[in-house]
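Please walk through this structure step by step, beginning with the overall make-up and then turning to the interior, the surface and the charged pairs.

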Amino acid sequence: MVGFLVAGFAYNMAGLLPPAGLDMVADLGITLLLFSIGLKLDVRGLLKAEIWAGATAQMLLTTAFMCGVLLLGQYWLDTPLMDMTWQTILVLGFALSFSSTVFAVKVLEEKGDLTAFYGRIAIGILIMQDLFAVLFLSASEGKVPSVWALSVLALPLLRPVLYRLLDMAGRGELFILCGLFIALGVGAEGFALVGLKPDLGALVVGVLIAGHPRASELSKALFGFKELMLVGFFLSIGMTGLPTLEMLVASVLLCLLLPVKTGIYHFIVSRFGLRARSSLFASLSLTNYSEFGLIVAAIAVGQGLLSADWLLITAMTVSISFAISAPLSTHSEFVYRRMFTWLCRFERDYCHPHDAPIDLGEVKAVVLGMGRIGTGAYDELQKTYGKQICGVEHAPERVDFNRGQGRNVILGDACDTEFWLKLRKDIQLELVILAMPNHQGNIYAAQQLRNLGFNCQVAAIARFPEEVEELSAIGVCTAFNMYEQAGTGLARSALEGCRLAQE
């Protein structure tokens with residue numbers, strides 16, 4: 001993402017004009033992103049206090065802090081950039097209180113933590129911010145939705161029709177076209193016709209069909225389109241103009257405020273019973289400024305409230321904040337271990353039920369990560385270990401599904417330091433399967449097993465040869481390359497089928 005932002009600035013500095021249609025591609029990328037979020041969104045989750053109250057409190061505190069900093073800058077700095085009214089300062093402070101949905105979703109997807117508890121908290125807060133953004137944009141642009149906007153209340157009546165379309169679409173290109181039609185035609189264009197924001201329409205329609213059995217499949221089918229069009233979004237940010245040294249300094253100074261913004265997130269989220277690790281990880285995912293700030297700046301410039309220079313300052317601020325936030329999110333576990341003692345001071349005595357430490361019980365085999373691979377490994381090992389096997393999964397919905405299938409699965413995060421600190425040391429483990437989608441998570445779990453003195457066999461999955469080598473180097477007895485050995489497994493199954501048929 002940072003590379004695309006830099007490419008946009010380089011394109012602009014070369015004196016080239018933005019390609020025709022780039023803005024449309026960028027808008028489509030954002031629309032599909034919100035639609036994919038809606039497909040995975042649990043509306044009831046937004047009604048939880050840690051989401052709606054946390055997001056509201058964060059926006060109020062962060063806006064007040066940013067406005068205070070801008071007022072001090074106006075008092076201390078003698079520069080035309082700070083020649084703003086208090087209304088303009090309030091708008092900028094409000095814009096700087098937002099975090100980037102695009103960035104957070106990308107980071108959480110790549111880490112495999114989009115369905116983790118802290119990931120769902122972060123996404124829930126961002127969804128609430130997006131809803132606040134829609135209300136602000138409607139008010140600031142002076143657009144009043146038509147009376148037909150009330151018709152969106154009847155959208156639930158369309159659910160059976162949309163479900164039927166998905167059922168009839170099959171699994172090829174028609175399924176993808178069906179998804180695009182629902183997202184762009186029904187959602188975005190439908191809301192635009194009644195004077196509402198198109199992006200909101202895509203989000204709402206995504207939520208509407210989130211309960212369909214093929215919702216997850218649809219999200220994966222549209223993944224490539226969404227990723228490609230988001231490239232246009234990040235390129236368009238860098239093409240807004242040519243920055244000056246003064247603008248760059250202003251952007252850097254704003255980015256120096258990110259630790260305070262992170263601290264506000266952490267303090268508020270921890271008030272709802274989240275442990276130090278979960279609070280920190282959610283906060284680091286939100287340690288950035290939002291592309292919404294660009295929209296606010298553009299509106300203020302168009303209305304004559306703000307100089308055009310602030311549009312470029314906001315663009316650079318968002319870009320730099322992404323560059324700062326990316327390594328923090330990638331190495332969040334390292335940050336947590338370094339700040340563990342200090343962060344624990346903010347923990348409450350009460351612990352959120354979904355964030356409580358767990359006990360594996362008396363078992364001999366453990367599967368960490370109960371996705372498709374982990375589930376298959378569990379079923380195979382159950383033939384040997386019977387009831388002395390346990391699965392660990394960080395996504396509550398997967399835990400419920402596996403329990404419904406009769407498997408012994410508990411809710412827990414093997415990438416959590418406290419999971420290992422509070423794990424009973426007298427468990428007589430014989431075998432541990434590391435089947436988590438995040439390679440770094442598997443590495444960390446393997447290291448913890450060795451550090452805690454568990455003398456058991458450890459097997460793990462990997463996607464690339466270098467990952468297999470890295471796992472072997474830390475003592476993992478078996479590193480299974482999913483891509484290379486999938487064909488071997490298929491051939492064995494085929495030969496076994498032939499043998500049974502001959503018998």
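The paragraphs below move from the whole chain to individual residues and their surroundings.

The model is predicted, and its secondary structure comes to 24 helices and six strands. Of the 503 residues in the protein, 50% are buried, while the accessible surface comes to about 24,000 Å², with 65% of that area belonging to carbon and sulfur atoms. When contacts between residues at least 6 apart in sequence are considered, 76% of them join residues at least 24 apart.

The interior can be approached through its nonpolar cores. In soluble globular proteins, nonpolar side chains tend to be buried together. Here the largest nonpolar core has 96 residues, and the members that touch the most other members are Phe 35, Tyr 289 and Trp 310. The largest share of this core is contributed by helix 7 (residues 117-140), from which nine residues come. Taking Phe 35 as an example, and leaving aside residues up to four places away in sequence, one finds that its contacts include Gly 179, Ile 182 and Ala 183, and that Ala 202, Val 205, Gly 206 and Ile 209 are also among the residues touched by Phe 35, as are Leu 218 and Leu 222. A second core, separate from the one just described, has 31 residues, among them Val 363, Leu 423, Leu 429 and Leu 471.

Leu 471 also appears in the surroundings of Ile 443, a residue of helix 22 (residues 439-451). Is Ile 443 buried or exposed? Ile 443 counts as buried because its relative accessibility is 5%, and the cut-off for that class is under 20%. Beyond the residues up to four places away in sequence, Ile 443 touches Glu 470, Leu 471 and Ile 474. With Leu 471 the separation is 28 residues in sequence, whereas the C-alpha to C-alpha distance in space is 6.6 Å.

A buried position can also be held by a lysine, as Lys 226 in helix 12 (residues 223-238) shows. Lys 226 has a relative accessibility of 3% and therefore counts as buried. Its contacts, again not counting residues up to four places away in sequence, are with Gly 29, Leu 32, Leu 33, Ser 36 and Glu 109.

On the surface, the residues Leu 245, Leu 248, Val 249, Val 252, Leu 253 and Leu 256 make a nonpolar patch of about 550 Å². One of these residues, Leu 253, lies in helix 13 (residues 245-255), and Leu 253 counts as partly exposed because its relative accessibility is 46%.

The next topic is the set of links between side chains. A search of the whole structure finds zero disulfides. As for individual cysteines, Cys 344 is partly exposed, with a relative accessible area of 24%, whereas Cys 390, at 0% relative accessibility, counts as buried.

How many salt bridges does a search of the whole structure find? That search finds five, including the three pairs described next. In one of them, Arg 214 is joined to Glu 217, and the closest N and O atoms are 3.1 Å apart; the arginine, Arg 214, is buried at a relative accessible area of 11%, while Glu 217 is partly exposed at 27%.

Another salt bridge brings together the side chains of Arg 407 and Asp 379, with an N to O distance of 2.9 Å. Because Arg 407 lies in the loop between helix 20 (396-404) and strand 3 (409-411), and Asp 379 lies in helix 19 (residues 372-385), this pair ties together parts that are 28 residues apart in sequence. Arg 407 is buried, with a relative accessible area of 13%, and Asp 379 is partly exposed, with a relative accessible area of 31%.

A further salt bridge is formed by Glu 393 and Arg 398, whose closest N and O atoms are 3.5 Å apart. In this pair Glu 393 is buried, with a relative accessible area of 2%, whereas Arg 398 is partly exposed, with a relative accessible area of 33%.

Key. Residues are numbered from 1 along each chain as its sequence is written. This is a predicted model: local features need pLDDT of at least 70, side-chain atom pairs count only at pLDDT 80 or more; totals for chains, interfaces and linings use all residues. Side-chain values use heavy atoms; hydrogens and water are left out. Helices (H or I, at least four residues) and strands (E, at least two) are DSSP runs, numbered from the N terminus. Buried means under 20% relative accessible area, exposed over 50%, partly exposed in between (1.4 Å probe, protein chains only). Contact means heavy atoms within 4.5 Å. A nonpolar core is a set of buried Ala, Val, Leu, Ile, Met, Phe, Trp, Tyr and Cys residues joined through side-chain atoms within 4.5 Å. Patches are made of residues with over 30% relative accessible area and no salt bridge: like charges are joined within 9 Å, nonpolar side chains (Val, Leu, Ile, Met, Phe, Trp, Tyr) within 5 Å. Accessible areas come from the Shrake-Rupley method with a 1.4 Å probe; for residues, only the protein chains shown count as cover. A salt bridge is a side-chain nitrogen of Lys or Arg within 4 Å of a carboxyl oxygen of Asp or Glu. A disulfide is a pair of cysteine sulfur atoms within 2.5 Å.
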